[in-house]
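The following exercises concern a single protein chain. Each task is followed by a solution worked in steps.

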Amino acid sequence: MKRPTITARRSGLLSTLRWRTRITLWLAALAAGVVVAGFAKLAELALALFGELTSGKPWLAFLLSPLVGMSTVWLTRRSFPGAQGSGIPQVIAATRLAAQGKAIQQLVSLRIAFGKVSLGAFALIGGFSSGREGPSVQVAASILHAAHKLLPNTRALRASDLILAGGAAGVAAAFNTPLAGIVFAVEELGRRLETRTSGVLVSTIILSGLVAIALLGNYNYFGHVRDGRSDQSLLLPVIAAGMACGVFGGLFSRLMLLPMNFRKHALWRWRETHPILFAGSCGVLVALTGFISDGVSYGSGYTITAQVVAGQLELPWYAAPSRFVATLASYYSGIPGGIFAPSLAIGAAIGSPLTSLLGIGDGIPAFIALCMAGFLAAVTQAPITAAIIVMEMIDGHGMVISLMAVTLIAKAIASRISPELYQQLALGFLPSPQQDPAQQQPPRTP
């Protein structure tokens with residue numbers, strides 16, 4: 001009997017290693033989808049619990065929000081450092097450090113993923129204006145990074161590639177928007193798409209998305225929006241939405257960067273030395289804002305935004321500033337929570353009163369969608385991602401040109417007011433040249 005040649009044995013071994021690598025990655029992608037879907041359910045339960053506790057007792061928020069805020073920040077700093085804030089800046093920083101072969105365990109890990117999910121959901125019991133989409137990026141990236149250590153050959157794929165793929169899968173599973181996940185990876189996380197990465201990226205997104213669909217259903221967050229008007233009639237709404245959202249989104253982004261840009265200011269020094277008390281103060285501000293606005297600023301804003309997009313509700317003028325303030329206070333507090341969902345809610349709140357001022361009687365849901373995309377693009381300065389996220393969330397493929405136009409206008413205006421938010425925040429998680437990366441600790445503030 002003829003024995004197999006050395007070349008044949010090597011070929012068989014390589015084939016086995018490839019399949020073991022694929023199976024490991026696919027299982028990790030499935031796990032990421034399950035965790036992100038579970039995070040979505042936990043967030044819904046937390047928001048529902050806050051609504052039940054404060055129903056008929058609006059004063060209870062003045063106790064609940066500070067206590068939950070202080071408890072969340074205390075637990076985050078004590079047991080889950082690195083889980084604070086959105087999570088997207090951490091993933092960007094981890095991608096850069098991993099590509100350089102530096103330590104990233106303080107930015108992406110299973111410990112951080114657990115803290116992000118549990119404490120991110122817990123913070124919503126306090127009515128904080130935060131979302132789960134940004135945190136889902138860090139959660140999925142952490143799971144894929146953990147899978148890198150289980151690969152039969154860790155050199156087959158770079159750790160930075162798996163972090164990038166995990167972050168994209170987190171967006172796709174959280175929003176049920178697979179195309180947006182791919183675009184987000186290219187536009188925001190990695191700023192590139194290499195041949196060796198693309199297959200991992202796409203397969204991870206598909207598997208995570210399928211799991212999310214299986215567990216949560218194939219849905220569109222804000223229903224189906226159609227706008228049959230001509231491009232000429234859309235010109236004024238697109239310009240108005242782009243300009244308004246560009247100005248307010250750029251201002252919002254600039255305010256988000258205040259703790260980083262003005263570290264020596266007395267307020268931020270006090271936050272550094274008394275983070276728990278500062279979180280409690282932010283909780284009081286969140287409760288006060290919600291009380292004054294009759295509750296429209298509490299939570300992620302999905303429920304109210306869905307009603308606005310469906311044309312079932314017209315928000316008052318104070319909805320946008322109240323959500324604006326509540327989201328900033330929630331972010332400043334240091335809780336684990338993102339700004340994607342609140343940004344969409346702010347955009348909808350900006351658009352609702354403008355429909356009357358601009359005399360938009362027909363196509364109000366479409367105009368609201370334009371404002372949502374515009375504000376998200378202005379804050380993140382990722383116009384293509386913002387346009388595609390909103391397009392997939394409203395099943396509005398016929399609006400793609402209008403959405404792209406409004407996001408590009410908003411981004412152009414916002415970039416004059418503030419630098420790129422996530423890229424700037426990521427710098428706070430990168431070690432200084434004099435600091436040993438192996439001993440890198442995440443900043444105490446988000």
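**Exercise 1: A nonpolar surface patch**

Leu 285, Leu 288, Phe 291, Ile 292 and Val 325 form a nonpolar patch on the surface, with a combined accessible area of about 440 Å². The model is a predicted one.

Task: Determine which helix contributes the largest share of the nonpolar patch, and classify Ile 292 as buried or exposed.

Solution.
1. Helix α12 supplies the largest share of the patch, namely four residues.
2. Ile 292 is located in helix α12.
3. The relative accessible area of Ile 292 is 63%. Exposed means over 50%, so Ile 292 is exposed.

**Exercise 2: The span and the buried residues of α12**

Task: Compare the expected span of helix α12 (residues 275-292) with the distance between its end C-alpha atoms. Then state which residues of α12 are buried and what covers them.

Solution.
1. Helix α12 has 18 residues, and at 1.5 Å a residue it should span 26 Å.
2. The end C-alpha atoms of α12 are 26 Å apart, which agrees with the expected span.
3. The buried residues of α12 are Pro 275, Phe 278, Ala 279, Gly 280, Cys 282, Gly 283, Val 286, Ala 287, Thr 289 and Gly 290.
4. The cover over these buried residues includes α2 (61-79), α11 (266-273) and α14 (319-333).
5. Just after α12, Asp 294 adopts a positive phi of about 60 degrees.

**Exercise 3: An aromatic pair**

Task: Classify the geometry of the ring pair Trp 268 and Phe 278, and decide for Trp 268 and for Phe 278 whether the residue is buried or exposed.

Solution.
1. A pair of aromatic rings is described by the distance of the centres and the angle of the planes.
2. The structure contains twelve aromatic pairs. In the pair of Trp 268 and Phe 278, the ring centres are 6.1 Å apart and the planes lie at 55 degrees, so the pair is tilted.
3. This pair links distant parts of the chain, with Trp 268 in helix α11 and Phe 278 in helix α12, ten residues apart.
4. Buried means under 20% relative accessible area. Trp 268, at 9%, is therefore buried, and Phe 278, at 5%, also counts as buried.
5. Trp 268 and Phe 278 belong to one aromatic cluster with Trp 270, Tyr 331 and Tyr 332.

**Exercise 4: A loop residue**

Task: State where Arg 158 is placed and how far Arg 158 is from Ala 98 in sequence and in space.

Solution.
1. Arg 158 lies in the loop between α5 (133-148) and α6 (159-175).
2. With a relative accessible area of 32%, Arg 158 is partly exposed.
3. Arg 158 and Ala 98 are separated by 60 residues in sequence and by 8.2 Å in space, C-alpha to C-alpha.

Note on methods:
Residues are numbered from 1 along each chain as its sequence is written. This is a predicted model: local features need pLDDT of at least 70, side-chain atom pairs count only at pLDDT 80 or more; totals for chains, interfaces and linings use all residues. Side-chain values use heavy atoms; hydrogens and water are left out. Helices (H or I, at least four residues) and strands (E, at least two) are DSSP runs, numbered from the N terminus. The expected span of a helix is 1.5 Å times one less than its number of residues. Buried means under 20% relative accessible area, exposed over 50%, partly exposed in between (1.4 Å probe, protein chains only). Contact means heavy atoms within 4.5 Å. Patches are made of residues with over 30% relative accessible area and no salt bridge: like charges are joined within 9 Å, nonpolar side chains (Val, Leu, Ile, Met, Phe, Trp, Tyr) within 5 Å. Accessible areas come from the Shrake-Rupley method with a 1.4 Å probe; for residues, only the protein chains shown count as cover. A salt bridge is a side-chain nitrogen of Lys or Arg within 4 Å of a carboxyl oxygen of Asp or Glu. Rings of Phe, Tyr and Trp (its six-membered ring) pair if their centres lie within 6.5 Å; planes under 30 degrees apart count as stacked, over 60 as edge-to-face and the rest as tilted.
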